[in-house]
Each structure stands twice: as structure tokens, then as C-alpha cells.
Amino acid sequence: MQPFDSEFFRAAILIASPLLIVALGELVSESAGVINVGLEGMMLVGAFGGFWGAAETHNVWAGVAVGLLAGVLLAVVMAVATIEARADQIVVGVALNIIGAGVSVFAFQQYVASRPNIFIKRMAAMTIPGADQLPLLGSALFRQIPLVYVGFALVPLVWIAFFRTRWGLRIRAAGEVPEADETAGVSVRRLRWEGVLIAGALAGVGGAFLSIGLVGTFLAGMTSGRGFLALAAVIVGGWRPLGVFAAALLFGGADALQLRLQSQSFVPRSVWIVLAALAAVYLVSTLVKRRRGAGAPAGAPRLLTAGSVTTVVILLGAVVLGIRQPHVTLPSLLWLAFPYALTIAVLAGVIGRVRQPAALGNAFVRGGDA
Amino acid sequence: MSMAQTVGSDRSPTVPRLRLCGITKRFPGVVANRDVSLEVHGGEVLAILGENGAGKSTLMNVVSGMLQPESGSIEVDGKPVRIRNPADARKLGIGMVYQHFALVPTLTVAENLALGASGTRIFSNTRRIAEQVTGLSRAYHLEVDPHAVVGDLSVGTRQRVEIVKLLFRGAEILIFDEPTSVLTPVEWHHLVRILRNLAAEGHSIIFITHKLDELMQVADRCTVLRHGEVAGTVSVAATDKAQLARMTVGREILFQVSTKAARPGRVVVAAEGLTMRSDDGRPRLDGVSFELREGEILGVAGVDGNGQRELARVLTGLDAATGGRFRFGDEWRTSIQPIDFYRRGGAYIPEDRHHTSVALELSVRDNLLMKELALGRMQRGGVVSERAADEYCTTLMQEFDVRAPSPRVRIRQLSGGNQQKVVLARELSRTPQLLIAAQPTRGLDVGAAEFVMRRLVAEKERGCAILMISTELEEVLQLSDRVAVMVDGRFLAVLDRQDATYERLGLLLGGEAVDDLGGELTEVDA
Amino acid sequence: MNTEQLRESVLSVALAVAATITGVLLSMLLVQATGHDAGAAARALWDGAFGSRRQIYLTAARMPALILVALGWIVAFRSRKVNLGLEGQVIIGGIFATLVAVEGPSLPSVPAIALSCIVAMIAAAVYAAIAAVLWAKRGVNEIVSTLMLTFIARQIVEWVVRGPMKAPGKASFQSKLIPGAFRWPELANGTPFSADAILSLVAVAAMVFLINRTVFGFKLRLTGENDECSRHAGVSTVRVVVLGFLLSGALAGLAGAGLVLGGERHMLTSGFTGNVGFTGIVVALVARNSPIGSVPAALLFAALATGGGVMQARADVPSEIVFITQGVIVVLVACSGLLVRALHARRVDANEDTPPRVQPGLASVADAT
């Protein structure tokens, strides 16, 4: 079913992976109470760090390590400013994006000025023999670069850390009721440092993923908003590891779709069907949830009407699609905007049902400020 | 395994468990504690009594490692110690139950304990902890379910979770910071029993309070703080309330606000079956009906969190009712915009000063002006009329004795009493027909509280209808013409002043446990 | 203004100046460390920014857009809304200003410019409204939505200069030239320094008045300081916030219009903003959200931008060093807030006979932010 073939799924997962890695890091940081708007900048230094490391050592893994360290370096600035000096988290994040953009390009220009013919080899795919021959998803899941597997492995890792370890309980407390940690003699400061550094490290790896895994070189501004997409993925994922996983896949899928459709003369029917199906699934799940949590009879009837109207519209649309092929064309440049528009739409659909950590964004002072 | 074994039995009984010598703690612009010394022994309940602002909480934050004193020393079991952070305090067996509990509402009881568990285990063993909770809970009659999610628990239960938490961490010196404003009388008696139990097992209890009655019931000795200094330490058996009150305030208090009997006029506000459900479907307000007339004060007595806050918020338009209706003016409705509430002559003193009634970072002037400007006054063509506004502020600050160097200082920089005077001035400046006053004296020292109460009575005598919500029974009894008892979002009873006695209210607030309480009450009093 | 506030302002300014000097020194250190001659770089930077009459005008010409964007950030931030997508709104403003100029009626100069600017402001405000309404109705985080809208706007401008608005017969991707009547009059002959500079200063004065003297400004401040308190006082907070956000977008749109109607090139290209939508935010942050402060801050960043270009050309130092400088200054200014806060944590009525209520401990943790 064009364009949803196995190549699409392989691309979707490949594109989703750096997003996933970065978003999981941000999840840890936000759970600890620090919102990091500077992911984009951290990814950029990670991307350059990865390029530099790989070019110098001819080893992609060394590159990943350098990218990680570069991300951590910016994260240290973030931690010192927001945790120690209690600066506004968003302001510092904005500044880090600027610094990251500046440092990465500055360093890149310095580096290539002396070595005009520098290049790196992209990380090679690792095939799991046999499994990659499975139809549709085989190559998507089992013929990818190792960093993709790293991203997927991080999901259960973060999940276990969050819900099964003492550290996870403490991290979650630091973002909800930091006093609970502090009065237990657990340092909120330290937990938040850990959260911020983890976010920086994973953002660095995510950046290195772009330069080493996806593109094979460093480009100025090559993150093109992925840091912010990761931020959105944490919100859409409802501050839960599995939710973040799903959100990253969704955004990855949108980007892969966009890449496909850019070159098409018009939007294939299957795309419309998938969009309608997604909308229907979303609606049904919303309705089910609303009815199940039906403690509020006062508001329910109105919502039902709004929901059912939309459902009918979507069904009608689907019927029309069955009869007539819609001839919609979009300039390829506008297709590039599709993932961003989808992000906004998903945020609008999801929010109101998720709760952010209660102490997110608040500086913590032991014993109060008096 | 016996959890309730006697603690510290190997220590010498003559050496105090905890001893503070000459503690001094300053904040910018103010000395919170000056040269404070006190001691508490094993098996003893020591009360620390003082007005709001006397420095009690600061002192205990020093003991629990949240704050560092400028000078003074601390000894535990006769050995000098340094408490640099809460972890140090914990190692020394010091634990504190805060007014605002330090529990994560999204986690279960066992998980809340697990996050503070010591040792180097990586994985949280909540099952083992749950067993320990059950054991401790049984040993001390705490009735805590380890698997309950904290957010679902009542305030009284959360307090017991805090106690379990401290015991679980091996605390032997337990500090309670004003633990009772959130408790029903029944829960209070439960707490008294728990505290006496803990003391009997050899624990040391420090009980911070500003309420004399409570102290007399639970404490062995009492240290009185005044203006950040120790005014004296007495044995509870050898003193009486009058003496303690004198020590607390430093002068004779004849705290009687005289109020004439009401001559109620027409009905100003009425409610029929007012109901409000929260998002999870639980009723916060459950079928409240009442009428309030000109020139009377209807007191709403109740323990925090029984729907008083929601009642005030629905009537003033901050939240909408989900059922029932109310009337302010002529038409019945289920909701009102805040601005319409004020337009109709409403005034509102919210309970939560720092989060609702004032904007801390704005000036005194801005805080005085906010409702005038929202009402479209003191302005011309959308521009603030500076001169009219200045005049308004100066007059009000004089009339209400707001002590601030200038109307332009941030209201954060004023004391609680002065902040509340600003709120009072703002609300009363409109000569309202209806005043909803929630916890109007909370957190104020005696002088400021008295000022507020006198103004409320004056307003009533002018003809204003007042709905006064308070957790302090004395205050309700002193001011109200009628008293509504609020439990679980309902008005359990509306009593006339002569029928409303302290004992009767106490019993009503206990809800269904009224019957088996009778004997216990007298027992504790005796 | 009482002495307390005076002291606070002086401290703020002093800290901002110190942060700037530190930021520049650190960058020069980096320049030296990467094997360049920092002295030469600094000289080139200075010459580029202020070295000649022409350079001074070039620097000054960059200021209006920065100031307007900074004002846009400030007005939204007064109600605690983070409009990180000003860049997108600048782009939309620029597109629509160009559209009016090249496709619209031929008009005499003053109404022509006015029409073009007003359309740009409305268009950008509508674009900002997407984020504002999604926040008001659906609670969508405005940081993410405005940024997404910025990325979308970038694709839109990329598309229009290649497609619908492309100047016929030109090899490069650009719009038709702006007709003379629609160009901001030059204030200094032959330089891009034009009359929109005056407009931006008027806007600063208007913003100061709006925030400090008008009822709307009061409501904006109150809502930003304490949303719950504002609602309790009878303010329709959602309306106030949305209006503030629209105004923010409109100011960005005006900045965008100025970039095509003023400036040197008088046309729309895909990169016509030169990132002022982000640099303007930095200007506001360094000015600590003061409208007046954003004028010297804009001068600083305009100087860095013009100087950075010359530095790259003359001393071969990548002009990205300027970004690093900017970011470092912002971080330092943000951190110095601790000192300013300490000043107003002080109590002022401690001379009563009853001691003031200090509220240490957990109860005040939430206030300490």
C-alpha cells in the first residue's frame, strides 16, 4: 500500500530514534522538575561533537561518546544556572540554544578550515539475520544502525528506572513535591543535577545520531527543530516513558511520510485513509475514556455531541474517499511543514488529559527563601 | 517483631535527648530567633507555644536541618552536633511533620516511604516496606494502608502517614508543626493518644502550637516563645491557661470583641442544594442550602478541606457549581463571574493570602487598586487616573493602619498582619452588602487578628451580610449570629448563637463518630 | 520611584553591564584560544560596529526590528506567556507587507507605508493567535506551538519566494522590489538607516505607557504575577493574556514589515529576517524585560551583528562567535537575578512592636520561585 511500504517504516523508525533518545532524556529532567528548552542547542553541539570525534578517531562510537560529552558540557551550564543560581529555566534554555548553534558552527568552521577534505563514514546498519526478512516491519526493526537499538533499549530502561527503582521514586518526587525528598535527607539539588545531566547526555547522543547516523556530516542548524519536537513528545507522551515512545514514533512517522509525499504529484488515497483512521481511533479512545471517567454528568452530553459530529464528518469523509480519489497537491516545501503542523494538532488533541509534574519549572530552595 | 519497643532505654535519663543553646537566626530585616535555649527529654512531650511570627517554625527548621542558625549550639544525648542538612537530622533520629505534608500525592504510601529508605539498594522493595508499614501502623494504632495512593487519603490519614514515615526512618525525636488545624476533634483525640503512646515508648515529642487548649491536653512541659525569644518554660501541671496566655503575648489579654445581637434585614444571598464536583467526580460541595440576611454574620465552622473553600469560590465566581443554585441579588444562578459578584456589592477575603488575595510581587498600591480597576473605576479612557488612585490608597492606608513606608513597596515586604489589612481595606472600601471572609485571621498575631475581627463586627452593624468561614471555633463562636457546621461538603447543622457551644460544635464536627466520643472527651479533659 | 526601586534599577543596570563585559571577554578568550588574534578581532568588531559613519548607520539600522521584537516578547512575558515564535510572526509580517507593497494599490508614501504595516501587523497577530487560541481553548503549551509555527513559517516563506511571489526573470529566489512609495524614508542618505527607527522609539514609549499607566497594562501585570489573584479580582485573565499575545504578534509583524520596507534590499528573500525574531528575544532578556532597557540592549546586539560580519571578513573569525557571546550574556544576566531578588526579600515594616511574620520552611517554597 503505497506509500506505507517497508521502506517507509524503516525510515520512520530511523527518524524517530534520535527524537526518542532526546525526549527520554528530557523526560527524566522534567520529572525531576527542570524543563530544558535548550535541547536544540545541546543536540547541535552533540552533532558537531559526534562528527569531530568520528572524524578524528575514525570510530563512530568514539564520535557518539564525544557527542554525549558535548551535550553534558552544555547541561552543566544549565544546571549551574538553574539549580545553583536559580535562574529562570526557560530563559537559560533559550540562551543555550543560541550558544549551541553558535558553538557548533564556530567549531565546525574552525575544524574544516584546516582540513578541507574531512569526511566521516556513516554508522553502518546492523542486520539481525532472518528477522529482517519479515514482511513490512522486518527491515524497520531489524536492519537499522545500532543507535536505533540503543534508543529502543532506553525505553524499558527508563521505565524500570522510573517505576521500579528508588532513584526513580526520588526523581519523580523531586518534580512533584521536592520537600518529600528533602525531608527524607535526599538532596533535591543532586537529583536535579542528575536529571539535567542525563538530558544533556542523551541530547548529545541524539545530536550525534544526526551527524553520524543519518547524514554523515555536520550541517549548521541540522537539528531543524528536533529539540523542540522532543519537548513536544514529552508533553504528548504525558510524562510517561511509553507515552514518549509512542509520541516519538508518531512524529517520526509524520516526517517519513512527508519525505515520501514531497515527491508525489498528489496525495495517495492510502494517506487519506490512514489519516481518517487515526482521527477515528483518537476520537473513539477519547469518548471511551470520557464515558469511563464519567463522574461529571453535567459536561458529558455536550462533549458527546461535539464528538459524534466529528465522527460523522470523518466517516462521511472516508465514504467520499472510497468513491472519489481526492486530487490534493501541495508544493514540496509545504510538505516540510507537515510534521510541525501535526505536532500542533496532536498537542491540541492530547492536552487537558495530561498533567505535568507539579513542581516543574520551580526553583527549589531548602527551607524557603524567607 | 515488636515495633513498639522502648527506645533509648540505654541512655541516661538525666541527660536531655535534645538541647538547644543560644540559637540565633536572622533573616534580612528581621531576627527570627534570638538566643533561644530549650531541652526535651526522652518520654516527654514538650510544647512550644507562641503567636504567629514568634519564631517557632524557624526554630524547628533549624533543628531539622532546613535552616542554619547564625549562632548557638545543639546537643543530642549530651553530645554537641552540627545539623547541616535534613540528612544529618535524620541520622540523629530527628524527624518533623510539617504543616504542609511532605508527601508525593501521586505515589502510594509505601512508595513515599521507599524513596526515603536508607541503604544502597537500587530497586525499591515496596512489598517489604508495606509489611513494615503494617507493623508500625498496628503497633501505634495508626491505621495506615500501605498500598493507598496518598492523593486519595484524608488529611488526618496523611498526617498519620507522616508519623509512620518518621518512625520508619527511626526517628526518636518527633517534631509536629501546628498539626491540628487540619484535624477534626475526633482525629485530634486520636492524635493525642498516638503522641502519648509514642512518649510512653520513650520517644521525645516536640509539639508546636499557638492553641492553649491543645497544649494543656497533650504536653508535659511548655516553652513559650515571644518575639523570637524564650519567654519562659513551665511545667503544664503547674500552670494554667491564663498564665500561658500572658507569657505568650506579654500583656494581659482581654480578648472580647463585643457584638450586638443581629437585627437581620432582607435576604442578601441564598443557596439551594449547591453542589460542586471535582474533575474526578467526587463531590466537594454537596447540597448546601442557606439564607444570609443583612446585618448578620453566619459563621461556617469546620475542619479545613470540608468544602468551605469551594463554597466561597462558587459564591464569588471562581468556580462554577455543578448542581443546585444560588442567588445574590434577584436572579437564581449556578455561576457568576467574579466581576459581577463585585458589581452587585460583593466583597471577598480569600483564605489563601499568598496565592489568591494578593499579588506578592506587586506594590501595596497595585494590590489596593486591583478590584477598583477591574470594576472600571479610577480610570479614564483605559488610563489609570493617577491622582484619584493615589488619594484612594493614602486614605485607605491611614484608615486601616497599614504600616508601610510607601504605597509603592512590594506587598511581599510587609508582615502578614499588614498584608491582611491591605486586603481588608480593599474589600471594605466599597461598603459591600455581602462579605465572604475565609479564615480572615489565619496567620495573624493577636493584635492584627483583633483589628480584623473588630472591623468585621463594625461592618455587620452597618448592615453588611457576612459569611465567615473559619477553622477556629473560638473565633466563630465569638462573632457569629448563627453557626453552620460544615462536614464533607454539607451543612450538618445551622445553629443559633445561643445553641452553639464549643462542645456541641466539636461533637458535630466529629461527624458519625459522635457517640463513642462522649466518654473520651471527659477523660482527656480530666 | 522610591529609593528601593532606584537601588534595584541601578543594580540591574550594573549587573547587565558586567554580564556584557564578561560575555565579550569570554568570547575574545575563545577567539584567542582557537588561534586567532583576539586584539585584531576585537578591533575589527568595534570598527565594524562603530568604525565609520556608514558602519554606525548600519548598526543603527538593525535596531528598530530588534527593539520591536523585544517589545513583543516583553508584552507577552508580562502575562507570563513565552512567545518563542516571534521569528515566525516576523516572517509572516514581512510576507504580507511585501504582498501589499508589490501587489497593492499605488498610494502616496504615508498611507502606503501605513497600509502595508497595518496589514503586516494584523497578519502576524492572526498567526500568533493560532497559538494563543490553542492555549486558551486547549491548554497547548505556547512555547512548543509558537516554535512549530515558526518552522512552518520558514517553509512558507521559502515557498513563496520560489513560487507565488517570485520576481519574474530573476535567477535568485526573491520577490519583486518594493515600490518607492512603500519604502521607509531614509534618515541618512544612502544608508539603510530609515524612519522606522523613530517608529520603534515611539513604540518603546507607548509600551512603557501601556504597561505602567493603562488599565490593560495593569491587568497584564497582575495576571502575569498571579493569575489566580487576577481572576479573583474580577479580571478576565484569558482575554487579557490572549490580547497581550496578539499585541506581541503584531509588534513582530511590524518588525517584519520594517525589514522589507526599510533596510537595504527592499525585497523579500527566504532569509530576510536574519534571525531578528530570536535575537530580539535575547535583547529583551538582557534588558530584563524592561522596554527602555531594550534600546541599549538592542544597540549592543546590533553592534555585535554588524561588527561580527566585519570581524569574519577582516580577522577570519567565524561570525558565529557573536551567538556565543549573546548566549553567554543572557545566561549571566539570568543568573544575576539572584542578587536582585535578595534585595527585595527584605522586610520593611520590622519596626512594629510585634515581630514580623517570617515564613521560612516549606510553606514558602512555592513563593521562592
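**Where domains 2 and 3 of chain B meet**

Okay, let's start with one pair: B:Glu399 and B:Arg455 make a salt bridge, and their closest N and O atoms are 3.4 Å apart. Keep in mind that this is a predicted model.

So where are we in the chain? The domain assignment splits chain B into domain 1 (3-249), domain 2 (254-345 + 432-526) and domain 3 (358-429). Going by those bounds, B:Glu399 sits in domain 3 and B:Arg455 in domain 2.

How many salt bridges are there between domain 2 and domain 3 of chain B? The count is one. There are also three residue pairs in polar contact between these two domains, with both residues at pLDDT 80 or more.

Now, the domain 2 side of chain B, the one touching domain 3. Two helices, α10 (338-343) and α15 (446-462), each supply at least two residues there. The most comes from α15(B), with five residues. By class, that side has nine nonpolar, one polar and three charged residues.

Let's step back to the whole contact. Here 13 residues of domain 2 of chain B touch 12 residues of domain 3 of chain B. About 1200 Å² is buried between the two domains, and carbon and sulfur atoms give 74% of that. Which residues of domain 2 lose the most area to domain 3? They are B:Tyr342, B:Phe451 and B:Arg455, together 43% of what the domain 2 side buries. And yes, B:Arg455 is the salt-bridge partner of B:Glu399 we began with.

One last number for when you look at the picture: the C-alpha centres of domain 2 and domain 3 of chain B are 27 Å apart.

Note on methods
Residues are numbered from 1 along each chain as its sequence is written. Chains are lettered from A and ligands numbered from 1 in the order in which they are written. This is a predicted model: local features need pLDDT of at least 70, side-chain atom pairs count only at pLDDT 80 or more; totals for chains, interfaces and linings use all residues. Side-chain values use heavy atoms; hydrogens and water are left out. Domain bounds come from an automatic or database domain assignment. Contact means heavy atoms within 4.5 Å. Buried area is the accessible area (1.4 Å probe) that two parts lose on being put together, summed over both. A salt bridge is a side-chain nitrogen of Lys or Arg within 4 Å of a carboxyl oxygen of Asp or Glu. A polar contact is a pair of N or O atoms within 3.5 Å; within protein, one must be able to donate a hydrogen and the other to accept it, and residues adjacent in sequence count only if both atoms are side-chain atoms. Helices (H or I, at least four residues) and strands (E, at least two) are DSSP runs, numbered from the N terminus. Ala, Val, Leu, Ile, Met, Phe, Trp, Tyr, Cys and Pro count as nonpolar, Asp, Glu, Lys and Arg as charged, and the others, Gly among them, as polar.
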